[in-house]
Amino acid sequence: MAATKTFRVLPGFNITLGFTLAYLSLIVLIPLSAVFLKTTSLSFAEYWHVVTAPRVVATYKLSFGLSLVAAAINSVFGLMLAWALVRYSFPGKRLVDALVDLPFALPTAVAGIALTALYAKNGWIGQYLDPLGIQVAFKPLGILVALVFIGLPFVVRTVQPILEDLDTELEEAATSLGAHRWQTFRHVILPILLPALLTGFALAFARAVGEYGSVIFIAGNIPMVSEITPLMIITKLEQYDYAGATAIATVMLMLSFTLLLIINGLQAWTSKRTGRDR
Amino acid sequence: MAAQAPARRTLRRLVTAVAFALTAGGALAQTSILNVSYDVSRELYKDINPVFSAQWKARTGEVVTVNQSHGGSSKQAMSITEGLEADVITMNQSPDIDILLERGNLVAADWRKRFPHDATPYTTTSVFLVRKGNPKGIKDWGDLTRAGLQVIVPNPKTSGNGRYTYLAAWGYALDKTGSDAGAKDFVTKLLANVPVLDGGGRGATTTFTQRDVGDVLVTFENEAILIAKEVGGAKFDIVYPSVSIDGSAPVAVVEKVTEKRGTTKVAEAYLNFLFSPEGQEIIASHNFRPRDPAVLKKFAAQFPAIRTFSVDDKLGGWKAANAKHFADGAIYDQIMVNR
């Protein structure tokens, strides 16, 4: 098979790969390997004891569980938002578009304090929920609210450009061929959007797992109920237990990496299926 | 989160670089010292520093700038062990200074003996803040275990304030029941009434005063007085329990640093100033109980007499108390996990 020489704008494979590896090492791999190195001061039995303590295990369930739920919620509503922003024009559209990015820019502590003030039982929203028996602030539900807030832009911003590229003619063609709205969405639009949607999901999820600043204000932080894994790490640091803190950090890292790998795999699979493989 | 340690190292280098640049440019022979402190002493030292600088200049002709750094106490102490060049450390519990001794001999082994009152220029204690008129009739620690009552305390795992509160309740119950088992039972009931655990004392204040959560806030007296002053005495009352804990705030010169920087003298003078009548008055005006009897008398209206016990006397010192109560899997964890 003759290799086809393709033209590339950036010079040489060797240079770009070398740069990629060096840069990734400097920015990502070296700091992360320091985390693993720090845990080596623990024996495996100690390590296992730290990372499987019931209180710590409860935080994994909460952190990863709620992050997945938040990312799922953001995928549904982020897609709707992106759809509205791309397909319709309405007064103040640019403003709404800019608002989407706000959770990116806002210091997370500010978000946490604002959300807590809103959802506490004397807050603007909380005062109406409280009589219904719904408590948001200082409960796991509050954590979910915070995670949905900070994750929103990821889905909107990944799906938006794909939607912009998507010709309305495709939908018109589907309709003229007799497809219902749902069929058009399910068989024409969704397959095209799915890879981007999965990327948005993965990003929102990753962001939620690592989130500390906003959650800590609204969570209530009750052991076994509303403690997130990053709080466990901070708690260990407060006790000068660096090895224990990094031990939990490694578990977070490995879990996150595995989940992201799965999501990326899914994304590659859907890309291939819809013939958008590059 | 994961990259915390390297980030800190980078920060340290940055700080060193900046410090270096400052020293290099400091042809004016200006001395500066760095006071590394805990979170809520920011305002106190903001007032202390200019007065000390003026006094030092009048005495020696030397201009000295005192820089301050504030944050969670353990984190602050840890940055010193990792190279932050602090000349003095001012904390609210002694383990955060002992760690400097354990990890690198940064302070003198007998740092407690270097200044009066075990090197603690002021003290505070854990008191109750209740809603105006004390609608739930909360008078003493025993009331906090009542079913249905909501008690706000900062997280003992992450906050010195919370640790003092927990130990105050433990000490009270130890007196009442005469046994560790009785004390554990009491504290278990109390903690069952805690709906929110904020990371620090200020967070707990916000939850209680702004979010309207809880019937009683247990916090440091200085914080309670501050709330009563700032948020208005119209909304809250301070209640003094029959007995509480002595929260003495220790200070030390970080000798390893001052010897290198040639600032030992000024650092010592700075800490001594805290014990002087002038320093004590500033301290009292920030709602901490001064050591000087004359100053304490002057502010007597603000600081009602209260019976206190110290961690050293009743709980075998901080080291033992931390190991017994707050270490991983120790009593606090046992109580919270089985709650």
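**A covered helix in chain A and an open sheet in chain B**

Hi everyone, let's start with helix α12 of chain A, residues 229-238: this helix is mostly covered, with 10 of its 10 residues buried. Do keep in mind as we go that this is a predicted model.

The buried residues in α12(A) include A:Thr229 and A:Pro230 at the start of the list, and also A:Lys236 and A:Glu238. So what covers them? From chain A, the cover includes α3 (54-87), α10 (181-210), α11 (213-218) and α13 (242-273). Chain B takes part too, with its own α3 (73-81). And if you look just after α12(A), you'll find A:Tyr240 with a positive phi of about 60 degrees.

Now let's move over to chain B. Here 4 strands make an open sheet with mixed pairing, and the order is β2-β1-β3-β10. Which strands stand at the edges? Those are β2 (64-70) and β10 (251-253) of chain B; each has a single partner strand, so one side of each has no neighbour in the sheet. On average, neighbouring strands in this sheet are turned by 20 degrees against each other, direction ignored.

Let's zoom in on one pair. Strand β1 of chain B, residues 31-37, runs parallel to β3 of chain B, residues 88-90, and the two pair over 3 bridges. If you'd like one bridge to find on screen, B:Val36 has B:Ile89 in β3(B) as its partner.

Finally, which helix packs on this sheet? That's α11 of chain B, residues 264-275, which touches β1, β2, β3 and β10 of chain B. The direction of α11(B) makes about 165 degrees with that of β10(B). Thanks for listening!

Technical notes
Residues numbered from 1 in each chain as written. Chains lettered and ligands numbered in written order. Predicted model: local features only at pLDDT ≥ 70, side-chain atom pairs only at ≥ 80, totals over all residues. Pairing = 2+ DSSP bridges. Axes fitted to C-alpha atoms, helices over the stretch in contact; angles between N-to-C directions. Contact = placed C-beta atoms within 7 Å. Buried ≥ 20, exposed ≤ 12 C-beta atoms within 10 Å, placed from the backbone.
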